[in-house]
Each structure stands twice: as C-alpha cells, then as structure tokens.
Amino acid sequence: MKKVILSADGDSIIYLVPDIVADNLEKYCIEFCDDWLWHSPQAAKYRMGAGVCYSEADFIDYLNKYKFPNEKSAAVKNLGWTGLGEELSEEFRELPYFNF
C-alpha cells in the first residue's frame, strides 16, 4: 500500500491505496469518473440528471468495493485546504495527487 493525496475541490486527504493505484493514479481516477460513474448500474446513485455528484471518498469506496476488495484503501490524514495541491508542504509534494 502506498500513499496518495486526493481532493474534490476541498481538503486534500492522504489515503493508503494499493500500489498499482498509486503508481497509476490518474488512470484509475479517470476510469472512475469518466467511465464507471456514467455507465455502471452500481453508480446510479451518483447520477443527477445530466451530471454526477461525488467526492474522493466515493472513489475510495469504488476501489474497496469493486476494484480491490482484498486491499482496502483508507484515509490517513486530512491536510486541509492546500490550494488544489499547489500549497502542499515539502513533506507531501512527492506523493501522487489527484483532484476530482
């Protein structure tokens, strides 16, 4: 498990995710928001008319329920507002980051 930082236009949160997700974070995030949310019957609750409403926590639920149920992702630390990653402290700048 590796650390990544996720946000949804709010606080930046460090999560532990499977190594393959951390190493390919953008791929998994785009798959979630551009494919799964729009096409999966399990994602119907996120669809609101012509749009979708979700957060980074919903992405973590997706990983835990549908992609990696045997490698549970979890929140580690809320970093608060970081200017969409622009204001991350030196300690966290090397972690993969994705804003939904």
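Which residue in β2 is the bridge partner of K2? The partner is V17. I start there because strands of a sheet pair through backbone hydrogen bonds, either parallel or antiparallel. Before going on, please keep in mind that this is a predicted model.

Let me stay with β1 and β2. The two strands run antiparallel and are joined by five bridges. Together β1 and β2 make a hairpin, with four residues between them. D9 sits in the loop that connects β1 and β2, and D9 has a positive phi of about 60° without being a glycine. For comparison, most residues other than glycine have a negative phi. D9 counts as exposed, because its relative accessibility is 54% and the cut-off for exposed is over 50%.

There is another residue of this kind. L84, also not a glycine, has a positive phi of about 55°. L84 is found in the loop between β5 and β6. With 37% relative accessibility, L84 counts as partly exposed.

Now the sheet. How many strands form the open sheet, and in what order? There are four, in the order β5-β2-β1-β6, and the pairing is mixed. The edge strands are β5, residues 74-80, and β6, each of which pairs on one side only. On average, neighbouring strands of this sheet are turned by 25° against each other, direction ignored.

On the β5 side, strand β2, residues 12-17, runs antiparallel to β5, and five bridges join the two. To find the register on your screen, take S12, which stands opposite G80 in β5. You can also take L16, which stands opposite A74 in β5. As for burial, five of the six residues of β2 are buried, so β2 is largely enclosed by the rest of the structure.

Next, what packs on the sheet. Helix α2 does, touching β1 and β6, and the direction of α2 makes about 20° with that of β6. Helix α3 also packs on the sheet, touching β1 and β2, and its direction makes about 5° with that of β2.

I will spend a little longer on α2. Helix α2 covers residues 25-39, which is 15 residues. From its first C-alpha to its last, α2 reaches 20 Å, close to the 21 Å expected at 1.5 Å a residue. Where is the kink in α2 centred? On F32, and the kink is about 35°.

Which residues of α2 are buried? They are L25, Y28, C29, F32, C33, W36 and L37. As a reminder, an α-helix has 3.6 residues a turn, so residues three or four places apart point the same way. If you step along the buried set in the viewer, you go from L25 to Y28 and C29, then to F32 and C33, then to W36 and L37. The elements that these buried residues pack against include β1 (2-7), α1 (19-23), α3 (56-67) and β6 (97-99). The short strands β3 (47-48) and β4 (51-52) are also among the packing partners of the buried residues of α2.

That brings me to the aromatics. The count comes to 13 aromatic pairs. One of them is F32 with Y54, an edge-to-face pair at 5.5 Å centre to centre, with 85° between the planes. This pair links distant parts of the chain, since F32 is in helix α2 and Y54 in the loop between β4 and α3, 22 residues apart. F32 has 0% relative accessibility and therefore counts as buried. Y54 is partly exposed, with a relative accessible area of 23%.

Another pair is W36 with Y62. Why is this pair called tilted? The ring centres are 4.9 Å apart and the planes of W36 and Y62 stand at 50°, so the pair is tilted. This pair, too, links distant parts of the chain, with W36 in helix α2 and Y62 in helix α3, 26 residues apart. W36 is buried because its relative accessible area is 12%, and buried means under 20%. Y62 also counts as buried, at 3% relative accessibility.

Finally, both pairs belong to one aromatic cluster, whose members are F32, W36, Y46, Y54, F59, Y62, Y66, F98 and F100. If you want one residue to centre the view on, I would take F32: the kink in α2 is centred there, and F32 is part of that cluster.

Methods: Residues are numbered from 1 along each chain as its sequence is written. This is a predicted model: local features need pLDDT of at least 70, side-chain atom pairs count only at pLDDT 80 or more; totals for chains, interfaces and linings use all residues. Side-chain values use heavy atoms; hydrogens and water are left out. The expected span of a helix is 1.5 Å times one less than its number of residues. The bend at a residue is the angle between axes fitted to the seven residues ending there and the seven starting there. Buried means under 20% relative accessible area, exposed over 50%, partly exposed in between (1.4 Å probe, protein chains only). Contact means heavy atoms within 4.5 Å. Two strands pair if DSSP finds at least two bridges between them. Axes are lines fitted to C-alpha atoms, for helices over the stretch in contact, and angles run from 0 to 180 degrees between N-to-C directions. Rings of Phe, Tyr and Trp (its six-membered ring) pair if their centres lie within 6.5 Å; planes under 30 degrees apart count as stacked, over 60 as edge-to-face and the rest as tilted.
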